[in-house]
Amino acid sequence: MKKIKHLLVLVATLAPLSLAAQTGLAVNRVFQGLVVPQKQMVEVKVKGRALSEYRLNFYHSVRFTATKPQKATIDALVAADRRSAKGTEERKKGRNASTILTLPQRGKTNRFLCYLTKQKGRAVVTTLAYMEGSVSNIDELRRLISGHLCRCTGYQNILNAVERA
């Protein structure tokens, strides 16, 4: 019973922290399942020491297949967040596109948003990843991650988000 009580306290403590991470961003609607239903997403959240080697303290990604109207909505949300970004990096290769936004700091915490799309027929496979921590820029994050993550675990999403972007 004591273990269950501790677990409930832990969940109650961490849940608001992860919900607050993307607060204030237009794309938060995507993470909340308001654009694409959450049951259609693969969601990954990592917080704490598991990310410390990469100078991150929070990682949240969602991956899903978007319809054209959903993609248009997400494009508009990312464009809204781009207006307040401190930096933007965009790449396009064939049917793949990526955007990385360096978002305004929250306190002393640096924040990044990666938006990746891959056209597959009429469908668009989409990954949206939010990261925050003390890592100074996306190039440093690429350097820290390169070669260090097991490609068979949930960390693959982090690697993909940073390498493809």
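Which residue in β5 is the bridge partner of Arg106? In the predicted model examined here, that partner is Thr109, and the pairing belongs to a hairpin of β4 and β5 in which two residues lie between the strands. Within this hairpin, Gly107 adopts a positive phi near 70°. The two strands run antiparallel and are joined by nine bridges.

A further hairpin is formed by β5 and β6, again with two residues between the strands, and here Gly121 in the turn has a positive phi of about 65°. These strands are likewise antiparallel, with 11 bridges joining β5 to β6; one of the residues concerned is Asn110, whose bridge partner in β6 is Gly133. Strand β5 is thus paired with β4 and with β6.

As to the overall arrangement, the protein chain comprises five helices and six strands, which follow one another along the sequence in the pattern α-α-β-β-α-β-β-β-β-α-α. The chain has 165 residues, of which 40% count as buried, and it exposes about 9400 Å², with carbon and sulfur atoms supplying 56% of that area. When contacts in the chain between residues at least 6 apart in sequence are considered, 52% of them join residues at least 24 apart.

In soluble globular proteins, nonpolar side chains tend to be buried together. In the present model, the largest nonpolar core contains 22 residues, and the members that touch the most others are Val27, Val30, Phe64, Leu113, Leu128 and Tyr130. Two or more residues of this core are contributed by each of the helices α2 (28-31) and α3 (68-82) and by each of the strands β2 (56-66), β4 (96-106), β5 (109-120) and β6 (123-133). The largest contribution, four residues, comes from β2.

The surroundings of Tyr130, one of the core members listed above, can be described in greater detail. With its neighbours within four places in sequence left aside, Tyr130 is in contact with Ala21, Gln22, Leu25 and Phe31, with Phe58, Tyr59 and His60, and also with Leu103, Arg106, Arg111, Phe112 and Leu113. Arg106, whose bridge to Thr109 was noted at the outset, is therefore, with contact taken as heavy atoms within 4.5 Å, among the residues that Tyr130 meets. Leu113, which appears in this list of contacts, is itself one of the core residues that touch the most other members. A second core, separate from the one just described, consists of 15 residues, including Leu51, Leu56, Cys114 and Leu144.

How values were computed. Residues numbered from 1 in each chain as written. Predicted model: local features only at pLDDT ≥ 70, side-chain atom pairs only at ≥ 80, totals over all residues. Heavy atoms only, no water. Buried < 20%, exposed > 50% of the residue type's maximum accessible area, 1.4 Å probe, protein only. Areas by Shrake-Rupley, 256 points an atom, 1.4 Å probe, with all protein chains shown as cover. Core = buried A, V, L, I, M, F, W, Y, C linked by side-chain atoms within 4.5 Å. Pairing = 2+ DSSP bridges.
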